[in-house]
Protein chains: 2
Amino acid sequence: MSMRLSAYPTFGAVPRDIGVDLALVIDTLRMTSVAATAFSNGCARMLAVETIEEARTLADRYGALAGGERGGLRVDGFDLGNSPLEYTARRVSGRSIVVTTTNGTRAVARVKCARNVWLASLLNADAVAERIRESGFADVALVCAGTAGRFSMEDALTAGAIASRLGDEREADDFTLACKILYRALARDIRGAMAGSEHAGRLLRLGFAGDLDYCAREGTLKSVPALGGDGWFTSA
Amino acid sequence: MSMRLSAYPTFGAVPRDIGVDLALVIDTLRMTSVAATAFSNGCARMLAVETIEEARTLADRYGALAGGERGGLRVDGFDLGNSPLEYTARRVSGRSIVVTTTNGTRAVARVKCARNVWLASLLNADAVAERIRESGFADVALVCAGTAGRFSMEDALTAGAIASRLGDEREADDFTLACKILYRALARDIRGAMAGSEHAGRLLRLGFAGDLDYCAREGTLKSVPALGGDGWFTSA
């Protein structure tokens, strides 16, 4: 059976009632890279919430770590920021984590009508594509979180990296095709292409060059964070 | 002075209060290709309205031709549809035209806070770029109309064609850069790239293959439809 791929340049472009088999949320810089890293380092479960207050309350309730950012920086009083490099095995192994970020967690909220929600980044692009190929899903939405409601190059590159790994025989909409073309045009230097993006510029000014190097490493992690019926992400 | 380019994958992504010096509305298939053609063939002025009823009423009031489409086809009782090939000198020379289309006219309505609004297509890409270079504008928004609220490949290609003609020294946001990369990747066969798009597929099924061939002809027309203070487009 053919699989239909559709892609969205920002989460705001996704219909609120989107009922696809799978919504793949992509926030390459940095929420979904954080998630892939945390699960690869033994995190037990992760909850994505929209407000700082919710994150504080729920982290308290569940004895979880609180993580995330506002303006790219760790929220006051949180255990962790939004740099994947902080999510080491020492910090996160066996722990529950509640995160809130500006773009990624809002994108997750937007696709709540999808039958499955997974978190994708360049880091776990191979693992995600392999899992999709095995899935038998009929329709998959590639949801670029974007930045502040606008298109982000790095999310389109990740969507293109994954769509390219799924092969050309899939039915694909125009934006999926555009992401594949962008990825192929820039694949020789993904780190460089990302560094030229607007969002990366802001991270570099905030001192997160190491995050950029790290998040550009394609296919290095095996975890595929998937949303469960209880609202928490886990990775099989 | 540097010119800042920002691009939008759909008109719905444009902030309602966008106050740029110029909003370039792009609806390659087919409203802005129609406009470039009509003015090149001597049309006196064109009004873009959102509803069929408005188009009928205003065409009557101004002794204008009524043009446009719903579902790609001419509206019942209208003088003209949305095929640029209908907008011949014989039909439109010296005439006023009121048009309503599904995507393009709504995109025009969206950017009403811009200080200037021009209509761009592949047909007039050279003329538009030349006029922008001469303008001294500080910020230009490339507004892809999209199709039914979704990204359209052909509009991104037109945005890329124009941005590429403006040169690499401009400040450009991520989506402008993406459009330029898409254009460069596909420039050798624009007609073929457009034919593979979703919107073109619908037009081909409706029998408009000739429109597709025609709208892919880059830089063949000199007109640059510009919105005046009275709400009508004219071309200097």
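In the predicted model, the largest nonpolar core comprises 179 residues, and the residues with the most contacts inside it are A:Leu24, A:Val143, B:Leu24 and B:Val143. The surroundings of one of these, A:Val143, were examined further. When neighbours within four places in sequence are left aside, A:Val143 is in contact with A:Tyr8, A:Phe11, A:Val14, A:Ala23, A:Leu24, A:Val25, A:Ile26, A:Ala107 and A:Val111. The list thus includes A:Leu24, itself among the residues with the most contacts inside the core.

Burial was also examined for a helix of chain A and a strand residue of chain B. Helix 1 of chain A spans residues 31–40, and because 10 of its 10 residues are buried, this helix is largely enclosed by the rest of the structure. The buried residues of helix 1 of chain A are A:Met31, A:Thr32, A:Ser33, A:Val34, A:Ala35, A:Ala36, A:Thr37, A:Ala38, A:Phe39 and A:Ser40. A:Gly42, just after helix 1 of chain A, adopts a positive phi of about 95°. In chain B, B:Val98 belongs to strand 6, which covers residues 96–100. A residue counts as buried if 20 or more other C-beta atoms lie within 10 Å of its own; B:Val98 has 27 within that distance and is therefore buried. Outside its neighbours within four places in sequence, B:Val98 is in contact with B:Leu47, B:Val49, B:Ala55, B:Leu58, B:Ala59, B:Ala64 and B:Ala66. B:Ile52 is separated from B:Val98 by 46 residues in sequence, with a C-alpha to C-alpha distance of 9.9 Å.

The arrangement of the two chains was then considered. A turn of 180° with a shift of 0.0 Å along the axis lays chain A on chain B with an RMSD of 0.0 Å. This is the relation of a two-fold axis. The C-alpha of A:Leu182 is the one in chain A nearest the axis, at 3.3 Å from it. The same surface serves both copies, as 100% of the contact residues of chain A recur in chain B.

Between the chains, 17 residues of chain A are in contact with 17 residues of chain B. On the side of chain A that touches chain B, helix 6 and helix 7 of chain A each supply at least two residues. The largest share of this side, 7 residues, comes from helix 7 of chain A. By class, the side of chain A that touches chain B consists of 11 nonpolar, 3 polar and 3 charged residues.

Helix 7 of chain A also meets helix 7 of chain B (residues 174–186), their axes coming within 10 Å and crossing at roughly 80°. An angle from 65 to 115 degrees counts as roughly perpendicular, and these two helices are therefore roughly perpendicular to each other. Their contact is formed by A:Ala178, A:Ile181, A:Leu182 and A:Ala185 from chain A and by B:Ala178, B:Ile181, B:Leu182 and B:Ala185 from chain B. The residues of this contact divide into 8 nonpolar, no polar and no charged.

Within chain A, the axes of helix 6 (residues 153–166) and helix 7 (residues 174–186) come within 7 Å and cross at roughly 95°. Helix 6 and helix 7 of chain A are therefore roughly perpendicular to each other. Helix 6 of chain A contributes A:Ala156, A:Leu157, A:Ala159, A:Gly160, A:Ala161, A:Ala163 and A:Ser164 to the contact, and helix 7 of chain A contributes A:Thr176, A:Cys179, A:Lys180, A:Leu182, A:Tyr183, A:Arg184 and A:Leu186. The residues of this contact comprise 9 nonpolar, 3 polar and 2 charged. A:Leu182 takes part in the contact with helix 6 of chain A and in the contact with helix 7 of chain B.

How values were computed:
Residues numbered from 1 in each chain as written. Chains lettered and ligands numbered in written order. Predicted model: local features only at pLDDT ≥ 70, side-chain atom pairs only at ≥ 80, totals over all residues. Least-squares fit on C-alpha atoms with pLDDT ≥ 70 in both. Contact = placed C-beta atoms within 7 Å. Axes fitted to C-alpha atoms, helices over the stretch in contact; angles between N-to-C directions. Helix = DSSP H or I, 4+ residues; strand = E, 2+ residues; numbered from the N terminus. Parallel < 35°, antiparallel > 145°, perpendicular 65-115°, else oblique. Nonpolar A, V, L, I, M, F, W, Y, C, P; charged D, E, K, R; others polar. Core = buried A, V, L, I, M, F, W, Y, C linked by C-beta atoms within 7 Å. Buried ≥ 20, exposed ≤ 12 C-beta atoms within 10 Å, placed from the backbone.
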